[in-house]
Amino acid sequence: MKLKNCVSGLLLTLGIALGGCAGAPAQNGSNRGEVIAAINKVNSYWQARAPAQDSPFWNVAAYHTGNMEAYRVTGNESYRRYTETWAEYNQWAGARSKDKSAWKYTYGETPEHVLFGDWQICFQVYADLYQLEKDPRKIARAREVMEYQMSTPDKDYWWWVDGLYMAMPVMTKMYEATGNRQYLDKMYEYYSHANSIMYDAQEKLYYRDARYVFPQHKSVNGKKDFWSRGDGWAFAALARVLSELPQDDPHRGEYVQRLQDMAAALLPLQQPEGYWTRSLMDPAHAPGPETSGTAFFTYGLLWGINNGLLPRDRYLPAAQRGWHYLTTVALQPDGKLGYVQPIGDRAIPGQVVDQNSTSHFGVGAFLLAGAEMVRLLDK
C-alpha cells in the first residue's frame, strides 16, 4: 500500500509538472470559448448532482455567489433559475429565529445563530437576485437581520477570516439596494476589528483567527501558518467589495491598498505548477495542490487586473498559471472539480486532498475565477 501511494504521488507530481510545461503556450492563448466551456463543464456537473433545494448555510451559499457570476458572463438562464429555486426554498432567509433576544454570532449551526456570518452570506445572493427583479421580499430578511445587527454597539462580528467573505459583500450589496450609508460605515468598523485580531502587517496576510496568530501557533516547521483558503476568503472579499463600493467612499483607498498588498504577498508563494499550498508559507506542512484557495487567489488577481488595480504585466502570468492548474489538474475529465480541501479551519498535515475531493464552495470559487477570465478576454 505504501509503494502504491508513493507511485501515485510521483505520477501526480509528474503529471502536474508536465502539464505546466506543455500547457505554457496555451495559457497565453486561452480564448473565451474555452473558458466558457470550462465554466459550463464544471457547473453542469455540479448542478446535475446537487439539488437546488439545499441549506442557506455558508458552504452552499458560497457556491451560489460563484454561480451568479457564471450566469452574468454566460447568460445561461438555467443557472439563474437554479439559484432562484434555492432562494425560494430557503424563503429568502438564513438562520430562521425570530426572537432577537436569542440571536448569536459565535460559531453555531442553529436557528438562533442569525448574526453569525456563515448564515448571512446567502444575503449576498438574494441581493443579486433582487437587482435582477426588485421584489422587496427578496431582501426583507436581510434588511431585518443586518439593520438589527448595525443597531447594536458590538463590532466584533467578523472574528474569523472567512467572515470577511461571508459578510463584507453583504454590506456593499445592501447599500446598493437601500442607499443606507450605515452599511458602509459599519462594514469598515467590523473590518477594522477583524484586522486588529488576525492581520499580520509584516507578511500582509491574514491568520484564520486569533488562535492561529504566530508565535502562539506555528506550522510543523515552526513558521507562520497562513491558511490558503482563509486568505482566499479575505482576498476575494476585497475584490467583491470594491466591485460595488462607491468611488467616493472615504475608506476605498484602504481597501485597495489591502488588495494590492495581499497580491504582492501571494505572488512569491505560488508554486511553479500554478497552485498555492494549504499552508502558504510552509508548503511542507501540508504539501500538494489545493483548489479552493488557488481559485480565490486566481479570481482576486484577475479582478484586480481587470479593474486597473494590479499591473497586468506583473500579475497576469500568476493568474494564468492559477487558471491553468484549475482547468488541467483540478478539473477532472467528467467535470468534477477536485483537490478541494474539505470543510475545516486550517491546513492539516496528512489530510487527504485528491482528485475526488470536491465541495460546493470550491466550485463557487472556480466559477468566480472563470467569470473574471472571461472578462479579461473580453477586454
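A cavity is a set of grid points where a 1.4 Å probe fits but cannot get out, and a residue belongs to its lining if one of its atoms lies within 4 Å of such a point. In this predicted model, the lining of the largest cavity is made up of Arg208, Tyr212, Asp225, Trp227, Asp345, Arg346 and Ala347. The volume of this largest cavity is about 30 Å³, and the count of cavities of 30 Å³ or more comes to one. By residue class, the lining of the largest cavity holds four charged and three nonpolar residues, with no polar ones.

Among the pockets, the second largest contains about 210 Å³ of space. Its lining consists of Glu69, Arg72, Lys173, Arg240, Ser243, Glu244, Tyr299, Trp303, Asn306, Asn307, Glu372 and Arg375. Two or more of these lining residues are contributed by each of helix H4 (58-74), helix H12 (291-306) and helix H14 (360-378), and the largest share, three residues, is that of H12. Seven residues of the lining of the second largest pocket are charged, three are polar and two are nonpolar.

Salt bridges were considered next. Side chains of opposite charge can pair when their charged atoms come close. The count of salt bridges in the model comes to 25. In one of them, arginine 80 is joined to glutamate 77, with 2.6 Å between the closest N and O atoms; because these two residues are three positions apart in helix H5, about one helical turn separates them. Glutamate 77 has a relative accessible area of 32% and is therefore partly exposed.

Lysine 138 takes part in a salt bridge with glutamate 84, in which the closest N and O atoms are 3.7 Å apart. As lysine 138 belongs to helix H7 (residues 137-151) and glutamate 84 to helix H5, this pair ties together parts of the chain that are 54 residues apart in sequence. Lysine 138 and glutamate 84 are both buried. Lysine 138 also forms a salt bridge with glutamate 133, where the closest N and O atoms are 3.9 Å apart. The partners in this second bridge differ in their surroundings, because glutamate 133, at 52% relative accessibility, counts as exposed, whereas lysine 138, with a relative accessible area of 2%, is buried. Elsewhere, salt bridges with shared partners join Glu69, Arg72, Asp128, Lys173, Glu244, Glu372 and Arg375 into one network.

The aromatic side chains were examined in turn. A pair of aromatic rings is described by the distance of the centres and the angle of the planes. The whole structure contains 28 aromatic pairs. Tryptophan 86 and tyrosine 126 form one that is tilted, with 5.6 Å from centre to centre and 45 degrees between the planes. This pair links distant parts of the chain, since tryptophan 86 is in helix H5 (residues 77-89) and tyrosine 126 is in helix H6 (residues 122-132), 40 residues apart. Tryptophan 86 is buried, at a relative accessible area of 0%, and tyrosine 126 is likewise buried at 0%. The pair of tyrosine 188 and tyrosine 255 is edge-to-face, at 6.3 Å centre to centre and 75 degrees between the planes. Because tyrosine 188 lies in helix H9 (residues 182-198) and tyrosine 255 in helix H11 (residues 252-266), parts 67 residues apart in sequence are tied together by this pair. In addition, Trp58, Tyr165, Trp233, Phe296 and Phe361 form one aromatic cluster.

Key:
Residues numbered from 1 in each chain as written. Predicted model: local features only at pLDDT ≥ 70, side-chain atom pairs only at ≥ 80, totals over all residues. Heavy atoms only, no water. 1 Å grid on protein atoms, 1.4 Å probe; cavity = no way out; pocket = protein on both sides within 12 Å on 5 of 7 lines; lining within 4 Å. Points joined across faces, edges and corners; volume = space filled by probe spheres on them. Nonpolar A, V, L, I, M, F, W, Y, C, P; charged D, E, K, R; others polar. Phe/Tyr/Trp six-rings, centres within 6.5 Å; stacked < 30°, edge-to-face > 60°. Helix = DSSP H or I, 4+ residues; strand = E, 2+ residues; numbered from the N terminus. Buried < 20%, exposed > 50% of the residue type's maximum accessible area, 1.4 Å probe, protein only. Salt bridge = Lys/Arg side-chain N within 4 Å of Asp/Glu carboxyl O.
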